[in-house]
Amino acid sequence: MERVESHACCGGRQEVWSHRSATLGCQMRFAVYLPPQAQAGRLPVLYWLSGLTCNEQNFITKAGAQRYAAEHGVILVAPDTSPRGDGVADAEGYDLGQGAGFYVDATQQPWAEHYRMYHYVANELPALVEAHFPATAARAISGHSMGGHGALVIALKNPGRYRSVSAFAPIVAPSQVPWGEKAFAAYLGEDREAWKQYDATELVASASERLPLLIDQGEADEFLDGQLRPQLFAAAATAAGYPITLRLQPGYDHSYYFIASFIGEHIAHHAAALR
């Protein structure tokens, strides 16, 4: 691994690392915030998954999360949103290809060779973090939009691996909205049954554990009715007896202003579970 950035921040260090991913077959970057408590011992980790068009920089430069991580003694890890590089398949537009990995393991060409973000986030990245940083195996996961979809799916599919999960404006039912339908058809093929393994609204019905689960959704979000539809997940969770906290926030949109306004509460939510 190569450290490509290091900055003093809130008593700790904000770093960015580059490494060759065996899962994705390309060079990847991820951000790590090490709070001041990391100098004295190992700490739990909160994984953050970003949304469409983003990379590891958006969260660490816009959310203001470091001061809350320093307050609670939590390491923050933010990977990129897709494989990258000249040899990696791409597409026109912002919602497919590089910057739009959707946290699935692609089965269709030309995507299958590199687009395995589910396995990367769920397996390779935690192993790397726990081997190279003062991190315990206590993990939580969160994300925004496409990343909120990824956080919910990865938590629901891996019982025992995470202590808590949260999301900002997540794509909760990708099989039923245009963003998800486009990505899943490309990455997974036309068989909609195969899509269900990466759809949180489908997965919650058979979830075998009950994690603390918090969702914030802005009521002024331009994508609320067409792409996000949190009521679908809330109804499925209620039917399954899975307790969730869904907060509709008046006046907030889909931007990082929304995330920055509530990220402290999300980190506190995870810190309580990680203790």
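How many helices and strands are there in the protein? There are 10 helices and 9 strands, and the model you are looking at is a predicted one. The legends below go from the overall fold to a handful of close-ups.

**Figure 1. The whole protein, for orientation.** Start by zooming out. Along its principal axes, the C-alpha trace spans about 50 × 40 × 35 Å. The radius of gyration comes to 17 Å, close to the 19 Å that the globule rule gives for 275 residues, so the protein is as compact as a globular protein of that length. Of those 275 residues, 58% count as buried. Take the contacts between residues at least 6 apart in sequence: 71% of them join residues at least 24 apart.

**Figure 2. Helix α9, with a buried side and an exposed side.** This helix runs through residues 230-240, and its buried residues are Pro 230, Phe 233, Ala 234, Ala 236 and Ala 237. Why do they sit on the same side of α9? Because they cover an arc of only 165° around the axis. It helps to remember that an α-helix has 3.6 residues a turn, so residues three or four places apart point the same way. Look to the other side of α9 and you'll find Thr 238 and Ala 239, which are exposed. What do the buried residues pack against? Their partners are α4 (146-157), α7 (200-203), β8 (213-218), α8 (224-228) and β9 (245-249). Just after the helix comes Gly 241, with a positive phi near 70°.

**Figure 3. Helix α10 and its bend.** Follow α10 along residues 256-274 and you'll meet a bend of about 50° at Phe 262. Phe 262 is one of the buried residues of this helix, along with others including Tyr 256, Ile 259, His 266, His 270 and Leu 274. At the N-terminal end, Ser 255 acts as the cap: one of its side-chain oxygens lies 3.2 Å from the backbone nitrogen of Tyr 257.

**Figure 4. Ala 138, a buried spot in strand β6.** Ala 138 has its place in β6, which covers residues 135-143. Its relative accessible area is 8%, so Ala 138 is buried. Which residues is Ala 138 in contact with, leaving aside its neighbours within four places in sequence? They are Pro 44, Val 45, Arg 163 and Leu 274. That last one, Leu 274, also belongs to the buried residues of α10. Tyr 162 is 24 residues away from Ala 138 along the chain, yet their C-alpha atoms are separated by 6.9 Å.

**Figure 5. Thr 81 and its surroundings.** Here we look into the loop between β5 (75-79) and α3 (117-132), where Thr 81 has its place. Is Thr 81 buried or exposed? With a relative accessible area of 0%, Thr 81 is buried. A polar atom of the Thr 81 side chain lies 3.5 Å from the backbone oxygen of Gly 99. Setting aside residues up to four places away in sequence, Thr 81 touches quite a list, among them Ser 50, Cys 54, Gly 99, Phe 102, Met 117 and Met 146.

**Figure 6. Backbone oddities in two loops.** The loop between β5 and α3 is also where Phe 102 lies. Phe 102 has a positive phi of about 60°, although it is not a glycine. At 0% relative accessibility, Phe 102 counts as buried. Pro 110 is found in the loop between β5 and α3 too, and a cis peptide bond joins it to Gln 109, with omega at about 5°. Now move to the loop between β4 (43-49) and α1 (56-62), which holds Thr 53. Thr 53 is not a glycine either, but has a positive phi of about 75°. Thr 53 is exposed, with a relative accessible area of 53%.

**Figure 7. Cysteines without a disulfide.** A disulfide is a covalent bond between the sulfur atoms of two cysteines. How many disulfides does a search of the whole structure find? The count is 0. Cys 10 is in no disulfide, and the nearest cysteine sulfur, that of Cys 9, is 3.9 Å away. The cut-off for a disulfide is 2.5 Å. Cys 10 counts as partly exposed, at 42% relative accessibility. For Cys 26, the closest cysteine sulfur belongs to Cys 54 and is 18 Å away, too far for a bond. Cys 26 counts as buried, at 3% relative accessibility.

Terms used
Residues numbered from 1 in each chain as written. Predicted model: local features only at pLDDT ≥ 70, side-chain atom pairs only at ≥ 80, totals over all residues. Heavy atoms only, no water. Buried < 20%, exposed > 50% of the residue type's maximum accessible area, 1.4 Å probe, protein only. Bend = angle between axes of the 7 residues up to and from the residue. Helix = DSSP H or I, 4+ residues; strand = E, 2+ residues; numbered from the N terminus. Polar contact = N/O pair within 3.5 Å; in protein donor to acceptor, adjacent residues only side chain to side chain. Contact = heavy atoms within 4.5 Å. Arc of directions from axis to C-beta. Rg over C-alpha atoms; globule rule 2.2 N^0.38 Å.
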